[in-house]
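Student: I'd like to take a close look at one part of this model. Could you walk me through it slowly?

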Number of protein chains: 2
Amino acid sequence: MNIRKDGGIKMPGKIDILVVEDDEDINQLLCKIIKKSGYYPQSAYSGTEAIMYLEKQNWDLILLDLMLPGMDGKAVLEKIREQGVMPVIIISAKNEKETKVSTLRSGADDFITKPFDIDEVSARIDSLLRRYRYTNKATERVLTHKDIQLNSEEKTVYVNGQKISLTVREYHILKLFMSSPKKIFSKANVFESVWNELFYGDDNTVNVHISNLRNKLSQANPNEEYIETIWGMGYRMKS
Amino acid sequence: MNIRKDGGIKMPGKIDILVVEDDEDINQLLCKIIKKSGYYPQSAYSGTEAIMYLEKQNWDLILLDLMLPGMDGKAVLEKIREQGVMPVIIISAKNEKETKVSTLRSGADDFITKPFDIDEVSARIDSLLRRYRYTNKATERVLTHKDIQLNSEEKTVYVNGQKISLTVREYHILKLFMSSPKKIFSKANVFESVWNELFYGDDNTVNVHISNLRNKLSQANPNEEYIETIWGMGYRMKS
DNA sequence: GAAAGGCTTAAGAAATACCTTAAGAAATCT
DNA sequence: AGATTTCTTAAGGTATTTCTTAAGCCTTTC
């Protein structure tokens with residue numbers, strides 16, 4: 001069974017969202033909203049399916065309908081909490097006041113009632129992701145490689161003692177490389193991770209940005225080579 | 001039931017106050033007073049709702065009416081104490097002498113009787129926060145950066161020796177920046193923190209307020225640049 | 001060592017993010 | 001209720017980044 005459509009590994013910077021909702025139309029709609037926001041949705045149509053996905057990989061956020069056939073939504077929620085700390089937004093029909101209170105109590109982070117406003121869903125997802133990234137200590141705050149220091153809190157990069165200023169794209173690329181310094185990233189990897197879009201073969205933009213990034217890095221320290229090219233494979237931090 | 005619309009990151013320096021009162025008019029009035037004092041109120045109209053909010057996040061202070069429909073106010077109070085140490089002000093109708101003694105005994109910090117005087121409420125809130133903050137010490141009362149001095153007790157700001165007058169929004173923005181002077185705040189961060197509402201993407205109000213704030217700051221000292229723009233990322237105090 | 005395909009670089013075009021201003025709306029004060 | 005302050009919204013302009021293109025360079029392969 002092929003779970004991920006893109007066959008993708010969970011990249012840093014790529015945001016995966018699991019949508020647990022039995023109504024097919026609503027599920028599709030939610031996925032559409034998510035995709036439009038630049039994240040990667042995955043549909044699950046039952047509690048059992050949801051749990052399978054939960055065990056398969058980590059998720060950055062979960063949208064969970066409480067009224068599921070078979071397994072109860074609450075059981076899924078418990079499973080999520082077992083799994084670790086993950087942002088959860090509960091979806092539920094209106095006027096289920098009792099449910100609302102008790103689920104928020106049992107560890108949901110936010111709440112959306114059906115019928116929902118598309119923009120609101122989008123905004124709540126964004127907000128929750130921001131909130132988690134703000135408080136989440138799990139992600140390293142400072143990445144170091146050779147004499148590069150990348151501070152993801154201040155979003156600053158120091159090379160050879162001096163601060164260099166990168167554009168957002170350059171910053172994300174560097175962060176991607178530094179988060180797995182031994183890994184080789186193909187152009188497709190970089191593109192899909194940083195741009196959040198599917199990579200369609202013959203594109204030169206990643207090349208260009210890496211070139212610019214290299215320039216800025218070597219401007220701060222001309223004696224070092226930081227990003228190496230693995231011919232026919234991709235790029236990697238030079239160790 | 002209106003769950004707060006915020007993306008409420010509990011930022012340092014941002015003071016959240018929960019108002020538990022079933023009478024809608026009184027609740028609104030209290031919220032108004034609180035807002036005017038520069039804090040962030042959240043209405044709860046029942047005991048169950050109150051408890052939900054209690055479990056959702058931490059609160060700096062709670063205003064609690066004892067006469068609630070459904071769940072008793074005392075039960076809420078117990079729940080509060082379970083949750084940890086939080087300042088609580090009890091609101092209650094006059095001439096409930098019995099109640100006054102017993103609730104103060106059960107862990108309330110202060111007591112206001114209806115009908116109340118607006119200034120008195122405001123004063124009691126300030127006083128109680130001050131008392132707690134003295135022992136807490138978590139929040140600085142005077143923030144300093146370059147030649148800016150922000151006194152959160154008096155809610156005054158001095159730049160280059162001279163006092164400048166800011167609007168409430170401007171004040172909060174500046175305070176947010178100064179509370180973490182090295183951190184970059186995105187527009188969404190600023191909006192959700194200062195406005196306490198969900199951020200819906202393409203909004204210009206933060207821009208405008210920051211522009212106004214910059215004008216006022218540079219009017220007091222034209223030679224300095226206090227708030228810098230990090231392109232594509234947000235804003236930050238210039239160091 | 002020549003051809004092929006991938007890589008790098010530079011420059012102009014397009015897109016995006018940001019800043020300022022001003023005017024109307026809303027809230028607040030008197 | 002009228003006056004004042006403050007907030008929001010919209011529009012036009014500026015700055016910066018990002019994308020595209022194309023030409024030249026380098027590595028591999030035959």
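Student: Which strands of chain B does helix 6 (residues 168-179) lie across, and at about what angle does helix 6 run to strand 7 of chain B?

Tutor: Before we dive in, keep in mind that this is a predicted model, where local features need pLDDT of at least 70, side-chain atom pairs count only at pLDDT 80 or more, and totals for chains, interfaces and linings use all residues. Residues are numbered from 1 along each chain as its sequence is written, chains are lettered from A and ligands numbered from 1 in the order in which they are written, and side-chain values use heavy atoms, with hydrogens and water left out.

Now for your helix. Helix 6 of chain B lies across strand 6, strand 7 and strand 8 (156-159) of chain B, and runs at about 110° to strand 7. Helices here are DSSP runs of H or I with at least four residues, strands are runs of E with at least two, and both are numbered from the N terminus. Axes are lines fitted to C-alpha atoms, for helices over the stretch in contact (heavy atoms within 4.5 Å), and angles run from 0 to 180 degrees between N-to-C directions.

What are those strands part of? They belong to an open sheet of 4 strands in chain B, ordered 6-7-8-9, with antiparallel pairing. Two strands pair if DSSP finds at least two bridges between them. At the edges sit strand 6 (142-145) and strand 9 (162-164) of chain B, each pairing on one side only. From one strand to the next, the twist averages 25°.

Zoom in on one pair: strand 6 of chain B is joined to strand 7 (residues 148-151) by 4 bridges, and these two run antiparallel. In that pairing, B:Val142 stands opposite B:Asn151 of strand 7. Strands of a sheet pair through backbone hydrogen bonds, either parallel or antiparallel.

Helix 6 has company, too. Helix 8 (residues 205-220) of chain B packs on the sheet as well, touching strand 7, strand 8 and strand 9, and its direction makes about 165° with that of strand 9.

Helix 8 of chain B also leads us to the DNA: along with helix 1 (24-36) of chain B and helix 8 (205-220) of chain A, it supplies at least two residues of the surface near DNA strand C. Near means that a heavy atom of the residue lies within 4 Å. Elsewhere in chain B, a polar side-chain atom of B:Tyr235 lies 2.6 Å from a phosphate oxygen of DNA strand C.

Methods
A polar contact is a pair of N or O atoms within 3.5 Å; within protein, one must be able to donate a hydrogen and the other to accept it, and residues adjacent in sequence count only if both atoms are side-chain atoms.
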